[in-house]
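This report looks at one residue, the sheet around it and the main nonpolar core. The sequence and the structure come before the discussion.

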Amino acid sequence: MSFRCTRSRVAVAALMLVVFLLSGCLGQKTFTVTVEITPALAGVNIHENSETGTLKAITDEAGMAEIKNVKSGTILVPVREGYSFKPKNAKVTKAGTIEFAAQETDPGDPVQKAHELVDEWRKPNHRNATGTLW
């Protein structure tokens with residue numbers, strides 16, 4: 001009886017050890033990604049999850065920025081005054097290059113400015129407690 005009890009304890013301890021060791025391996029994946037802005041554009045801020053989220057990188061003269069340890073599922077958002085980007089954001093699912101096309105916006109274009117204002121007011125911080133726009 002003592003042998004069976006000891007054997008069961010060793011088996012449980014071994015199982016717990018395996019689970020403990022694998023728990024670090026099964027966590028959220030992280031990647032190194034390169035952001036490429038075309039045409040090459042320096043000074044583009046790359047934010048995490050929104051235009052005002054955590055700044056992750058700024059592009060260099062070649063329009064490139066490398067970001068390490070990006071969690072899977074993170075949304076990267078390029079931001080630079082006077083420019084719009086396509087796509088507007090990108091979800092990280094693997095290591096590699098994420099491309100954004102930059103287009104200069106006409107600061108005098110009232111339609112573009114109106115769209116930007118509407119987009120700004122649609123953000124969650126411009127909603128009241130019931131979820132309607134202020």
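## His47 and its surroundings

Which backbone oxygen does the side chain of His47 reach? The side chain contacts the backbone oxygen of Gly53, at 2.7 Å. The model is predicted, and the distance of 2.7 Å is computed from its atoms.

His47 lies in strand β2, which covers residues 45-48. The relative accessibility of His47 is 11%, and because the limit for a buried residue is under 20%, His47 counts as buried. Leaving aside residues up to four places away in sequence, His47 touches Thr52, Gly53, Thr54, Leu55, Lys56, Ile75, Leu76, Val77 and Val79. Gly53 thus appears both among these contacts and as the residue whose backbone oxygen the His47 side chain reaches.

## The open sheet

Strand β2 belongs to an open sheet of 4 strands in the order β3-β2-β5-β7, with antiparallel pairing. The edges are taken by β3 (55-58) and β7; each has a single partner strand, so one side of each has no neighbour in the sheet.

Between β2 and β5 (residues 75-79) there are 4 bridges, in the antiparallel sense. Asn45 stands opposite Val79 of β5, and Glu48 has Leu76 of β5 as its bridge partner. On the way to the edge, β5 pairs with β7 (residues 90-91) over 2 bridges, also antiparallel. Here Ile75 stands opposite Lys91 of β7. Ile75, Leu76 and Val79 are also among the residues that His47 touches.

## The nonpolar core

Which residues have the most contacts inside the largest nonpolar core? They are Val33, Ile37, Ile67 and Leu76, in a core of 18 residues. Strands β1 (30-38), β4 (64-71) and β8 (96-104) each supply at least two residues of this core. The largest contribution is that of β1, with 4 residues. As a general tendency, nonpolar side chains in soluble globular proteins are buried together.

Ile67 touches Phe31, Thr32, Val33, Val35, Ile46, Lys56, Ala57 and Leu76, again not counting residues up to four places away in sequence. Two of the contacts of Ile67, Val33 and Leu76, are themselves named among the core residues with the most contacts. Leu76 also links the topics of this report: Leu76 is the bridge partner of Glu48, and Leu76 is one of the residues touched by His47.

Terms used
Residues numbered from 1 in each chain as written. Predicted model: local features only at pLDDT ≥ 70, side-chain atom pairs only at ≥ 80, totals over all residues. Heavy atoms only, no water. Buried < 20%, exposed > 50% of the residue type's maximum accessible area, 1.4 Å probe, protein only. Polar contact = N/O pair within 3.5 Å; in protein donor to acceptor, adjacent residues only side chain to side chain. Contact = heavy atoms within 4.5 Å. Pairing = 2+ DSSP bridges. Core = buried A, V, L, I, M, F, W, Y, C linked by side-chain atoms within 4.5 Å.
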